[in-house]
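Here are some short exercises to work through at the bench or at your desk. Keep the sequence and the model side by side, try each task, and then read the solution.

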Amino acid sequence: MRAWVAGRFGEPLDVLKLETVDAPEVAAGHILVRVLAATLNKNEIDGIRGVYASMPTPAPFIPGFEVYGVVEQAGAGAEAWIGKHVIGMPRGGHGGYAEYAVLPTVMAFEVPAALPARTASALFWPFHLAWLALFTRAHLQRDETVLIHAGAGGLGSAAIQLAVHAGARVIATAGTEEKLGLCRDLGADVAINYRTTDFVHAVLDATHGRKVDVALDSVGGEVLEQTWRCLNYGARHIILGFSSGIEQEDERPVLLRQLIFGNFSMVGVLMTYVEDRVLESASDVSGVAYPQVNFNMPSRALGEEIHARILDLLARKRIRPIVGLEVGFEELPQAIDRFDRRETWGRVIVHTTR
Ligand SMILES: NC(=O)c1ccc[n+]([C@@H]2O[C@H](COP(=O)([O-])OP(=O)(O)OC[C@H]3O[C@@H](n4cnc5c(N)ncnc54)[C@H](OP(=O)(O)O)[C@@H]3O)[C@@H](O)[C@H]2O)c1
């Protein structure tokens, strides 16, 4: 099969090479998917640079955190998946930049075969993660106000739509006027350019000083600490990513006085579904042991419930996955470069077959 291989860690444009390699072997509880499209994610770009400590993968490796395709083979216990169209995460969080990928069934979800590829391939991470974060973890309620950072990104564009559908008031941030326009089109009441404007003042203005009930933060860094000044009594600050620098995952930046005086909660979110929370160990989940980390993963049953709700909203045209760029397989490194430079919005889809 053809695959983009990272022969070593480094800049994607330098290290990714299109090669012919053996298709992966499928194991029990796994499915072999003929990939129709791979969708770009921040995480795999960090992986190519060798800085994604949560799912470290030694080079050489095939990156790719998310695929859409058709199941061609199945390991023991997974036979019922053959022939289905699925979206999900390849084993170990890599292997998606290829014509075939192996997925554990626990991270695969069936989609209707009739869905256009651009719709199906844009669904998985942003809508599952936004639902898990906003509703399951942060309990966002109707008439509450939510601040969504990077609102024009894959995750942000999904989160705005889900929050609006739930009856919340949305304040979004993004980095260009064009992206702010997209946030407003998706239903954000207020859109703030956080690269040119003091977003804390803008949020205080927009809420007449009442601040927000929930903040969805995938950016981190200065944005994280400034966001605390936007949170009202009892607010929930969702921490689920560090687009401004993944190394922050292993830093200790929190001034705890802010939490005490602020009377708000920090809500961590990791979306790795597991069949059995009790049996799953840290190294089973990430391939690496974190002795100080307490692993609590969301269940597969919850994932199926979220998936059904997302497909229902899609069928009723209440949500639409946003795709900012579609390219062919050969153009994958250039697409990564544009995504990495923050030039794209929504999701970036790489079609394996046209
Ligand atoms: N916890 C989990 O289980 C989990 C799983 C998957 C992904 N994630 C996280 O979810 C987040 C969203 O991922 P995504 O793939 O959908 O990406 P994305 O949001 O489509 O793209 C990242 C966006 O972050 C914004 N950004 C702000 N500061 C940035 C900086 N210094 N450098 C680069 N971008 C910056 C950019 O938007 P502007 O130009 O508008 O600023 C950029 O478009 C990521 O942080 C990812 O790590 C978490």
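Domain bounds here come from an automatic or database domain assignment. The model is predicted, so local features need pLDDT of at least 70 and side-chain atom pairs count only at pLDDT 80 or more, while totals for chains, interfaces and linings use all residues. Residues are numbered from 1 along each chain as its sequence is written.

**Exercise 1. Find the domains and describe how they meet.**

Step 1. The assignment gives domain 1 (2–123 + 321–351) and domain 2 (124–268).

Step 2. Taken over C-alpha atoms, the centres of domain 1 and domain 2 are 27 Å apart.

Step 3. Domain 1 puts 17 residues into the contact and domain 2 puts in 16 residues; two residues are in contact if their C-beta atoms, placed from the backbone, lie within 7 Å.

Step 4. On the domain 1 side, α2 and β5 (85–88) are the elements that give two or more residues. Helices (H or I, at least four residues) and strands (E, at least two) are DSSP runs, numbered from the N terminus.

Step 5. Sorted by class, that side of domain 1 has eight nonpolar, four polar and five charged residues. Ala, Val, Leu, Ile, Met, Phe, Trp, Tyr, Cys and Pro count as nonpolar, Asp, Glu, Lys and Arg as charged, and the others, Gly among them, as polar.

**Exercise 2. Describe the shell around the ligand.**

Step 1. There are 26 residues around the ligand, and Gly153, Gly154, Gly175, Gly241 and Ser243 come nearest. A residue is near a molecule or strand if its C-beta atom, placed from the backbone, lies within 6 Å of it.

Step 2. Two or more residues of the shell come from each of α2 (42–48), α4 (124–137) and α5 (154–165).

Step 3. The shell holds 13 nonpolar, 10 polar and three charged residues.

Step 4. Domain 1 and domain 2 each supply at least three residues to the shell.

**Exercise 3. Trace the open sheet of six strands.**

Step 1. Read across the sheet: the order is β10-β9-β8-β11-β12-β13, and the pairing is parallel. Two strands pair if DSSP finds at least two bridges between them.

Step 2. At the edges are β10 (190–193) and β13 (265–268), each pairing on one side only.

Step 3. From one strand to the next, the twist averages 20°. Axes are lines fitted to C-alpha atoms, for helices over the stretch in contact, and angles run from 0 to 180 degrees between N-to-C directions.

Step 4. Look at β8 (residues 145–148) and β9 (residues 169–174): four bridges join these parallel strands. Across this pair, valine 146 is opposite valine 170 in β9.

Step 5. Add helix α6 (residues 177–185), which packs on the sheet and touches β9 and β10; its direction makes about 165° with that of β10.

**Exercise 4. Which residues does a cis peptide bond join?**

Step 1. Start with the background: most residues other than glycine have a negative phi, and most peptide bonds are trans.

Step 2. The cis bond lies between alanine 59 and proline 60, with omega about 0°. Proline 60 is in the loop between α2 and β4 (67–74).
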